[in-house]
Amino acid sequence: MNPEKVVFGFFIVLALTLNFGFFVGEIDNPEHHHVWELFVVVLVNLVATVLKFGDRTHMGALLLATSLVAMLQLIGAALIWTIAVHATEAGMTPAVMASIVSLSGGAMIANVVSVVLLVIETFTLRR
């Protein structure tokens, strides 16, 4: 067993599950989506992205690309949340919440692709 692969796989799967936890709920209801959960999703995705920098294989490049897509969408969601709450008078409206959850859904799809690539890589390894 390779401890690096364990940590790598742990953070990829944790990013996906946390993202799913934030995504579940009514899309426009702010009470179903917590800001701290989004913060943890961004943080875990950031760690998963950093862990992917060392892999120089073709599969590693694909994993890094999916992680960068997820990070871009999650940072966009966090920026929208911050601007809506702190920089606008309207605050958190159902339309803004729907945009945030939609972006996290896109990030979740990128995380699913990342986990699928990880599983494919695991199956192609020879002993």
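In this predicted model, Trp81 is in contact, once its neighbours within four places in sequence are left aside, with Phe22, His33, His34, Val35, Leu38, Met92, Met97 and Ile100, where contact means heavy atoms within 4.5 Å. The chain around Trp81 comes to 4 helices and 0 strands, and along the sequence these follow the pattern α-α-α-α. Helices (H or I, at least four residues) and strands (E, at least two) are DSSP runs, numbered from the N terminus.

**How the model is read**

- Residues are numbered from 1 along each chain as its sequence is written, and side-chain values use heavy atoms, with hydrogens and water left out.
- As the model is predicted, local features need pLDDT of at least 70 and side-chain atom pairs count only at pLDDT 80 or more, while totals for chains, interfaces and linings use all residues.

**The chain as a whole**

- Along its principal axes, the C-alpha trace spans about 60 × 25 × 20 Å.
- Of the 127 residues of the chain, 36% count as buried; buried means under 20% relative accessible area, exposed means over 50%, and partly exposed lies in between (1.4 Å probe, protein chains only).
- About 7700 Å² of the chain is exposed, and carbon and sulfur atoms supply 72% of that area, as given by the Shrake-Rupley method with a 1.4 Å probe, in which only the protein chains shown count as cover for residues.
- Among contacts in the chain with a separation of 6 or more, 69% come from residues 24 or more positions apart.

**Nonpolar cores**

- The largest nonpolar core has 14 residues, of which Phe22, Leu38, Val42, Leu74, Trp81, Met97 and Ile100 touch the most other members; such a core is a set of buried Ala, Val, Leu, Ile, Met, Phe, Trp, Tyr and Cys residues joined through side-chain atoms within 4.5 Å.
- The elements giving two or more residues to this core are α2, α3 (58-86) and α4 (94-124).
- A second core, separate from the largest one, has 9 residues, including Ile12, Leu63, Met108 and Leu117.

**Nonpolar surface**

- Val35, Trp36, Phe39, Val40, Leu43, Leu46, Val50 and Phe53 make a nonpolar surface patch of about 780 Å²; patches are made of residues with over 30% relative accessible area and no salt bridge, with like charges joined within 9 Å and nonpolar side chains (Val, Leu, Ile, Met, Phe, Trp, Tyr) within 5 Å.
- Trp36, one of the patch residues, lies in helix α2 (residues 35-52) and is exposed, with a relative accessible area of 56%.

**Salt bridge**

- The count comes to 1 salt bridge, defined as a side-chain nitrogen of Lys or Arg within 4 Å of a carboxyl oxygen of Asp or Glu, and the side chains of Lys5 and Glu121 meet in it (4.0 Å, N to O).
- Lys5 lies in helix α1 and Glu121 in helix α4, so the pair ties together parts that are 116 residues apart in sequence.
- Lys5 is partly exposed at a relative accessible area of 41%, whereas Glu121 counts as buried at 13% relative accessibility.

**Loops**

- Asn29 is found in the loop between α1 (3-23) and α2, is buried with a relative accessible area of 18%, and reaches the backbone nitrogen of Glu31 with its side chain at 3.0 Å.
- Asp55 lies in the loop between α2 and α3, counts as partly exposed at 24% relative accessibility, and touches Gly60 and Glu121 when residues up to four places away in sequence are not counted.

Technical notes
A polar contact is a pair of N or O atoms within 3.5 Å; within protein, one must be able to donate a hydrogen and the other to accept it, and residues adjacent in sequence count only if both atoms are side-chain atoms.
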